[in-house]
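Here are my notes for you on this one. Have the sequence and the 3D view open while you read, and find each spot as you go.

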Amino acid sequence: MTITRSAGSWHDQAAKLSFEGRLFIDGDFRAAASGKMFESINPANGSVLAEVSRGDAADIDRAVASSLKTFKSGAWSRLAPRARMAIMLRFADLIEQHASDFALIDTLDMGKPITEMLTVDVPLAVNCFRFTAECIDKMQGTVGATSPDVLSYVLRQPLGVVGCIVPWNYPLLMTAWKIAPALAAGNCVVLKPAEQSRLSALLLASLFMQAGAPAGVLNVVNGFGAEAGRALALHRDVEKIAFTGSVEIGKLMMVYSGQSNLKKVSTECGGKSPHVIMADADNLETAAWWAAMGIFGNQGEVCCAGSRILVQTSILPDFLDAFSAVAKKDYIPGDPLETTTTVGPMVTVEQQQRVLNYIGIGKQGGADCILGGGVPEGLEAGAYVSPTIFTGVSNSMTIAREEIFGPVASIIPFDSYEDAVSIANDSNFGLAAGIWTSNLGTAHRFARDVEAGMVYINSYMNGDMQFPFGGWKESGNGRDKCMDALVSYTQTKSVWATIGN
Ligand code: NAD
């Protein structure tokens, strides 16, 4: 796949982009067996960006067969760890060299501001591939403490073919979090990108070949969830499904596993994360800035968005002033190709309508909409939603219980620490939680008490590759990033050898 660009504004460069839209199977781009295509739409203006092959069960069969053949050949699975590491590191270098291409593709494909692509998605994805590659030769088996006439040891081996099913909100990064550890552990991967963000995975696959990977190690089948995704999750030659997406579909993954070969399933699902502001927070402006970033960053299309902002009653008016001021100043929707834009459109018109519908439910339910609440003026051609703030929200309201996945903040007042924890934990989700306080005891009690996979104290949505990413409760059972993720793409084999006295 070649992408040709020349110097100029991002708009000039975007105009010159040419896209490869076919599936990537067995080392090459191929049309879907059915010949069907579907459109990739730029959500900033509704224009058709590219025609993409619409894979279905027949293409999943081809891709899984290719991955299984390659896995069994040992060309990847039995490569010396450091040789696999070298290819993965070259892959990371190539992604870094193509940073602008990835930034442009995902921005055009799903509406994310290009500055966010260049400062968050691409560097973090590169970091993910590098970190994971460097872990490859750090994984060890164990030797058991058995009687002297026995040698008992445990090997860690790859699983086989892994199916990765990813969402659209961070197309490159979510893909990296899944495929990097799966590949590093020696598996072959069939990747099913989200149908709303199809293009960057194809560039990734071709760069992986350029880095020296054998054909069939990474196959990419675009298509709809109910067609290609379902076929992948039901496939009997797939040993694991690594899924990131909604709770609803995450649950289906487990059903599909039970209906097929009891494949392993890891799920990274949604959230309704509590972001608690205690009255003793050191600096309310700083807390307000992070609270705004936590819900308006990436247009609120973030699984661990701090969408329930719990504020201690005594500081509510001051917090609201500070929070609204940041929202008005720093989160102004605009053209995602402009480097100053911080809020792009929703990924699709359907997602825009979903978010607007929740805003309507919030208004009807009695919450006060003090900012936004509709489509920003002048941006009607795109799938935009204004950053929106609701006050007077109770935790039983729909807007406090369901994941909206858009720039909609629900401010929920509380009186005591105990109230805050009780509200925070009153949710089916348990992905992330944050607290702002100057009291060390309160901070660490919260970390102990809150039901969430990730807790941020006087910060929000931070982390690095060593920080396991994943949730409790219906937010899923998987952990991305970190050494644990790599290990989760392996299985143990216990060996018992009688060696005599
Ligand atoms: P989604 O569940 O609709 O889709 C996710 C993926 O599943 C897509 O590739 C889709 O094609 C596929 N899919 C849909 N139906 C399927 C089926 N029947 N069988 C197999 N595959 C199917 O989610 P989405 O709208 O793409 O993404 C938004 C969701 O992802 C939000 O809930 C968000 O919180 C979650 N998310 C979670 C994390 C995390 O790490 N916990 C990260 C990012 C996004």
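The points below go from the whole protein to the ligand and then to one sheet.

1. Before anything else: this is a predicted model. Keep that in mind when you look at any single atom pair below.

2. Let's start with overall size. The C-alpha atoms fit in a box of roughly 75 × 60 × 40 Å along the principal axes. A compact globule of 501 residues would have a radius of gyration near 23 Å, and the protein has 23 Å, so the two agree. Along the chain you can count off 16 helices and 21 strands.

3. Now zoom in on the ligand. Which residues come nearest to the ligand? They are K192, E195, S246, C269 and E403, out of 29 residues around the ligand. Sorted by type, that shell holds 17 nonpolar residues, seven polar ones and five charged ones.

4. Next, have a look at some polar contacts. K192 turns up again here: one of its polar side-chain atoms sits 2.6 Å from an oxygen atom of the ligand. The backbone joins in too, with a polar backbone atom of V166 lying 2.8 Å from a ligand oxygen. At G225, a backbone N or O atom is 3.3 Å from a nitrogen atom of the ligand. How much of the ligand does the protein cover? On its own the ligand has 850 Å² of accessible area, and the protein covers 91% of that.

5. Where does the shell come from? Three elements give two or more residues each: helix 8 (225-234), strand 10 (240-244) and helix 9 (247-259). Helix 9 contributes the most, with four residues. Both domains take part, since at least three shell residues come from domain 1 (10-270) and at least three from domain 2 (274-470).

6. Last, try tracing a small sheet. Strands of a sheet pair through backbone hydrogen bonds, either parallel or antiparallel. This sheet is open, has three strands in the order 5-6-21, and pairs in the antiparallel sense. Strand 5 (142-143) and strand 21 (490-498) are the edges, each pairing on one side only. Between strand 5 and strand 6 (residues 150-158) there are two bridges. To find your way in, go to V143, whose bridge partner in strand 6 is Y153.

Conventions. Residues numbered from 1 in each chain as written. Predicted model: local features only at pLDDT ≥ 70, side-chain atom pairs only at ≥ 80, totals over all residues. Heavy atoms only, no water. Near = heavy atom within 4 Å. Polar contact = N/O pair within 3.5 Å; in protein donor to acceptor, adjacent residues only side chain to side chain. Areas by Shrake-Rupley, 256 points an atom, 1.4 Å probe, with all protein chains shown as cover. Nonpolar A, V, L, I, M, F, W, Y, C, P; charged D, E, K, R; others polar. Domains from an automatic or database assignment. Pairing = 2+ DSSP bridges. Rg over C-alpha atoms; globule rule 2.2 N^0.38 Å.
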